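Me: I should like to go through the salt bridges, the nonpolar core and the surface charge of this protein. Please reason briefly before each answer.

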Amino acid sequence: MGKWSVMELIGISAEDKQDFQEIMLSPYEVEASETNFYSQENIEELADSIRMVGQQQPTVLGRVDGVYKIISGHRRNLANIHNIETGAFPWDYQAKYLYKDMTPAMLELSLIVGNAFNRRLTPYEETEQAARLKAALIRARDEDGLEITGKLRDVVADILQTSRTKVARMDKINNSLEPEAREQYKAGNLGPSAAYETAKLPKEEQRQIAAQAAAGKEVKHKEVAEKVAEKKAEQAAARAEKAAKKAEAAQTAAAQAGLQAERAAESADTSATLTSAHMNPPEPAEQQEWTTRDWAIYHLRELMGVASYITEDDLIVLQDILMAATGRRDNERH
């Protein structure tokens with residue numbers, strides 16, 4: 001499904017209503033939609049208006065498994081019931097309705113779309129409407145094969161005729177605002193901008209802000225935004241410190257690895273020399289050409305052959321030699 005108008009989505013267009021049928025019913029024969037979350041205020045005032053000038057717009061119904069459920073016109077239906085029960089209308093009064101057979105998923109979608117523009121919504125209702133619309137689109141897609149192209153957030157913005165940015169902000173509120181803060185948002189004690197910034201904070205800080213709002217203290221958007229900025233700065237500093245520690249640890253590990261590699265190379269060189277070079281004692285004519293290192297390697301090789309016969313006194317002498325040689329090597333490196 002590409003671009004569509006809101007009325008086309010639920011099957012009612014300005015030019016064509018043939019998919020919906022007219023029917024006369026008692027207001028008691030129709031049911032309110034279970035998922036309706038829109039305000040049902042000022043019923044008596046609407047009842048007075050209907051009694052004086054008549055019902056100007058029929059209530060729209062979805063018939064689901066033979067049951068008539070209200071899509072648009074919950075307040076009108078309640079107003080008619082009020083007029084019947086107060087004696088303004090007779091008990092057998094019937095009103096005109098428009099109905100269409102549909103699935104539960106399409107009923108939910110039609111309920112939201114059908115009520116999106118016929119009343120002034122509170123910021124909380126707008127946010128709830130966006131969440132319900134998104135869920136209804138997903139359900140209609142999965143259950144009824146409704147074709148949706150593009151990003152779901154963009155589709156929601158198109159249907160509600162609002163900006164993608166505003167839908168994104170409402171998504172953040174719906175996904176992250178804690179129940180206590182959400183109650184204050186619903187009550188009007190927390191504005192939409194303050195609610196959006198609050199949703200960015202940790203849970204405990206959100207609850208603190210909710211408590212302030214519940215106590216009657218004004219929660220200013222700017223103050224919450226500053227708190228969010230401070231939290232982000234703290235998180236950035238913590239990430240930087242963590243990264244620095246990782247870099248330092250990596251540098252230390254690299255230095256240790258290099259030292260180990262150097263020692264391993266020396267050990268390998270010495271081992272190779274011990275096992276392959278100068279296997280026989282030098283001839284008298286060659287002895288003057290041998291360096292101290294050559295003689296050391298020769299004697300070490302010979303020692304390896306008699307290692308089982310070395311005494312503790314011999315071992316002490318060897319340890320002294322090793323310590324002295326290691327010290328000279330370390331001094332030379334520094």
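Me: How many salt bridges does the structure hold?
Reply: The model is a predicted one, and side-chain atom pairs count only at pLDDT 80 or more. A pair qualifies when a side-chain nitrogen of Lys or Arg is within 4 Å of a carboxyl oxygen of Asp or Glu. The number of salt bridges in the structure is 19.

Me: Which residue forms a salt bridge with E126, and how many residues apart are the two?
Reply: The closest N and O atoms of the pair are 3.3 Å apart, and the partner of E126 is K166. E126 belongs to helix α5 and K166 to helix α7, so that the bridge links distant parts of the chain. Their separation in sequence is 40 residues.

Me: Is K166 buried, partly exposed or exposed?
Reply: Buried requires under 20% relative accessible area and exposed requires over 50%. K166 has a relative accessibility of 33%, and its partner E126 has 27%. Because its value falls between the two limits, K166 is partly exposed.

Me: Which helices are tied together by the salt bridge between R164 and D154?
Reply: The side chains of R164 and D154 meet at 3.3 Å, N to O. R164 is partly exposed at 36%, and D154 is partly exposed at 25%. The two residues are 10 apart in sequence, with R164 and D154 placed respectively in helices α7 and α6.

Me: Which residues are joined into one network with R207?
Reply: R207 and E204 form a salt bridge of 3.5 Å, N to O. Both lie in helix α10 (residues 203-214), 3 residues apart, which is about one turn of the helix. Salt bridges that share partners extend the connection, and the residues joined with R207 are E178, E180 and E204.

Me: Which element supplies the largest share of the largest nonpolar core?
Reply: The core has 25 residues, and M102, L109, L133, L137, A140, V156 and I159 touch the most other members. At least two core residues come from each of β2 (59-64), α4 (104-115), α5 (123-144), α6 (152-160) and α7 (164-176). With 6 residues, the largest share is that of α4.

Me: Which residues gather with E223 in a patch of negative charge on the surface?
Reply: E223 is found in helix α11 (residues 221-276). Patch members need over 30% relative accessible area and no salt bridge, and E223 is partly exposed at 44%. The residues that gather with E223 are E218, E226 and E230.

Technical notes
Residues are numbered from 1 along each chain as its sequence is written. This is a predicted model: local features need pLDDT of at least 70, side-chain atom pairs count only at pLDDT 80 or more; totals for chains, interfaces and linings use all residues. Side-chain values use heavy atoms; hydrogens and water are left out. Patches are made of residues with over 30% relative accessible area and no salt bridge: like charges are joined within 9 Å, nonpolar side chains (Val, Leu, Ile, Met, Phe, Trp, Tyr) within 5 Å. Accessible areas come from the Shrake-Rupley method with a 1.4 Å probe; for residues, only the protein chains shown count as cover. Lys and Arg count as positive and Asp and Glu as negative; His and the chain ends are not counted. The place of a charge is taken as NZ of Lys, CZ of Arg, CG of Asp or CD of Glu. Helices (H or I, at least four residues) and strands (E, at least two) are DSSP runs, numbered from the N terminus. Buried means under 20% relative accessible area, exposed over 50%, partly exposed in between (1.4 Å probe, protein chains only). A nonpolar core is a set of buried Ala, Val, Leu, Ile, Met, Phe, Trp, Tyr and Cys residues joined through side-chain atoms within 4.5 Å.
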